[in-house]
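User: Please examine the structure shown below. I shall ask how its terms are justified.

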Amino acid sequence: MNIIVCIKQVPDTSEVRIDPETNTIIREGVPSIINPFDENAIEQAVQLVEEFGGKVTVLSMGPPQAEAALREAMAMGCDEAVLVSDRCFAASDTLATSYVLSAAIRRIGEYDLIFTGKQAFDGDTAQVPPGIAEQLGIPQVTFAIGLEVEGKKARVRRLLEDEFEVVEARMPVLISCVKQMNDPRRPGIKAKLAAKKKEVTVWDSACIEAKACLCGFDGSPTRVVRTFAPTRDIEGEKFEGEPAECAVTLVERLIGEKII
Amino acid sequence: MDFTFTEDEQMIIDAVHELGSEELQPHASEVAEAGEFPYEAIEMCREMDIFAIPVEEKWGGLGFGFLLWGAIGELLSYYCQTTGSVFGAHVLAQYPIMEFGTDEQKEKYLIPLTSGEHIGAFGLTEPNAGSDAGAVQTKAELHGDKYILNGTKIFISNGGVAETYVIIANLDPSKGTRGLTAFIIEKGTPGFEFGKDEKKMGWDALPNRELIFQDCEVPVENVLYKPGRGFRVAMGTLGVGRIGMAVGAVGLAQAAFDAAILYAQQREQFGQRIAEFQAIQFKLADMATEIEASRLLYQKSAWLKDQGEKFEKIASMAKLFSSETVSRVTSQAVQIHGGVGYTREFPVERYMRDAKLFEIVEGTSEIQRGIIANLLLRENHI
């Protein structure tokens, strides 16, 4: 079974701040990590290959520093790593990013499954996984919490807002993973040291035959007008006293506000 | 002398920091309070290959030195004293097999101790043989191709939990240290049972158990090193064990210091943070200075060991100084916290209880002073 996992290197989510002047994320001094949902994607891929055999290729688009995230993915069990990196990819929106990643996936070649995290922690759009599937013309199943593989068929349990949905898809299929899907492994020291010695393949736009007009700023129809940290307009209210009394007060208020 | 770490070593240290802060520290109080062996924490250490650090790659190890091993042990004790103490006790079985074992013994016992599949323990202490190792009464008698062991060990760290035991017994108690012999004994060997698990002032979750040998048959191939040369095995093991104790003491002292300097900047009295009072500042300065000196001592002893040089004197100095440091530092950490420091709401009272053992275990402070003085007089003999 050949599996491709797409990952993104993001600033450590617990330390993200936005510069009020420029409305961009302050990246200086913030450690970079693998997007947490992508770790679930890696774990799922590695578990499948452990069970069925095959190969996991981990793929990322990003600056040269993203190599660290790819090495971490290899320490977690991915066999090979590809970084697509080119100055012309800078400022890509979700459409351009999925174009570049799909071009890289075509270059990688044969695959049965593509795993991604459900969304990136920094951008939070959840648009790239469906974008990749559309560009490649393959089925997509998003928000997967469970997966069974049978021959060339994938049976996926999706985590929706109020319910689970079970769908089947013929491979190759792209599956985006939620964090409840599994518990990503913490790589051991031996695996980390071995991953440091492994090669990371780096491809630029020419290697993946990406058209410049579809990459980066030129290939991105989205324009970010403004980025800002949300302000809280309504202050929370705290009821104090005995729990039973508080409950009564709360219910009265909710009825008063016509919420219930 | 160089205590800097390579990029690979630093990566390992960073990974253990992550493990400690995310997985060990959040449960440290709970583990100690429950007083139960931290199987989950040890499993996580095993998955991270933490027990493989100082062992040759040939036996499944990572081939790093004791300087890195010390840094890792310090971090484990810093984040969770219980995990650190298990790590410290484990090496007391791992090291003698690594140092004195035959290839067959290494294949059978060192590999699983290095992967962490098996936990190790070392048994020397008896009711009447603590500081006086030559007084070991556990008797080993040769019968054909087996030794038959009879006797009782006490206070054995990791006892009951460990799968592999290095046990010091005596072929002839009248010969004192010259009769001592080291044996590798597996848990489950007929005639080998576990007795009382001590209830202690601190180190609550580390088992310290009685080991009872009653006509316990041990094959001759399980003699570690040579019959009658167990004293050398024991002393070699305790030499490294002393580095381990110093490492644990420094980790615990650092945890107490960090708690104290944080609290001193949060707590306000008389209209200012107590960290602004010189009385508190001087305490903090002394604590940090003593910790730094203790760390340098254990690093020097580990470095000497890694260079293949004599390290025993500095290891004893490190053990002596760091164990007395951790007692002072944890006591001052409680003092800086005041009343709340004496409650179980804050971890410093536990640190203070845990600290005392460092002055007793693996050679009391008095024994260390004796060893240091003997070595000094030998070096300066006129």
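Analyst: A salt bridge is a side-chain nitrogen of Lys or Arg within 4 Å of a carboxyl oxygen of Asp or Glu. The model is predicted, so local features need pLDDT of at least 70 and side-chain atom pairs count only at pLDDT 80 or more, whereas totals for chains, interfaces and linings use all residues. Side-chain values use heavy atoms, without hydrogens and water, residues are numbered from 1 along each chain as its sequence is written, and chains are lettered from A and ligands numbered from 1 in the order in which they are written.

User: Why is the meeting of B:Glu18 and A:Arg186 called a salt bridge?

Analyst: The N to O distance between these side chains is 3.4 Å. The limit is 4 Å, so the pair qualifies. A:Arg186 also forms a salt bridge with B:Glu22, with the closest N and O atoms 3.1 Å apart. A:Arg186 lies in the loop between strand 12 (173-177) and helix 5 (189-197) of chain A, and B:Glu22 in helix 1 (residues 7-34) of chain B, so this pair joins two chains. Helices (H or I, at least four residues) and strands (E, at least two) are DSSP runs numbered from the N terminus.

User: What makes up the interface of chain A and chain B?

Analyst: Nine residues from chain A and 18 residues from chain B take part in the contact, where contact means heavy atoms within 4.5 Å. The two chains bury about 1,100 Å² between them, 62% of it on carbon and sulfur atoms; buried area is the accessible area (1.4 Å probe) that two parts lose on being put together, summed over both. A:Arg186, A:Ile189 and A:Lys190 supply 59% of the area that chain A buries against chain B, more than any other three residues. The rule finds five salt bridges across this interface, and the structure holds 33 over all chains.

User: How do you know that strand 6 and strand 7 of chain A pair?

Analyst: Two strands pair if DSSP finds at least two bridges between them. Strand 6 (residues 55-61) and strand 7 (residues 80-84) of chain A have five bridges in the parallel sense, so the condition is met. A:Leu59 stands opposite A:Val82 in strand 7 of chain A.

User: Why are strand 11 and strand 13 of chain A said to stand at the edges?

Analyst: Nine strands of chain A form an open sheet of mixed pairing, in the order 11-10-9-12-8-1-6-7-13. Strand 11 (164-170) and strand 13 (200-203) each have a single partner strand, so one side of each is left without a neighbour in the sheet. Neighbouring strands of this sheet are turned by 30 degrees against each other on average, direction ignored.

User: What makes strand 2 and strand 3 of chain B a pair, and which residue in their turn has a positive phi?

Analyst: Strand 2 (residues 139-143) and strand 3 (residues 146-157) of chain B share five bridges in the antiparallel sense. They form a hairpin with two residues between them, and B:Gly144 in the turn has a positive phi of about 65 degrees. Strand 3 of chain B is also joined by nine bridges to strand 7 (residues 208-219) of chain B, and these two run antiparallel.

User: Why do B:Tyr225 and the bond between A:Met171 and A:Pro172 deserve mention?

Analyst: Most residues other than glycine have a negative phi, and most peptide bonds are trans. B:Tyr225 has a positive phi of about 65 degrees although it is not a glycine. A cis peptide bond joins A:Met171 and A:Pro172, with omega about 5 degrees. A:Pro172 lies in the loop between strand 11 and strand 12 of chain A.

Key: Axes fitted to C-alpha atoms, helices over the stretch in contact; angles between N-to-C directions.
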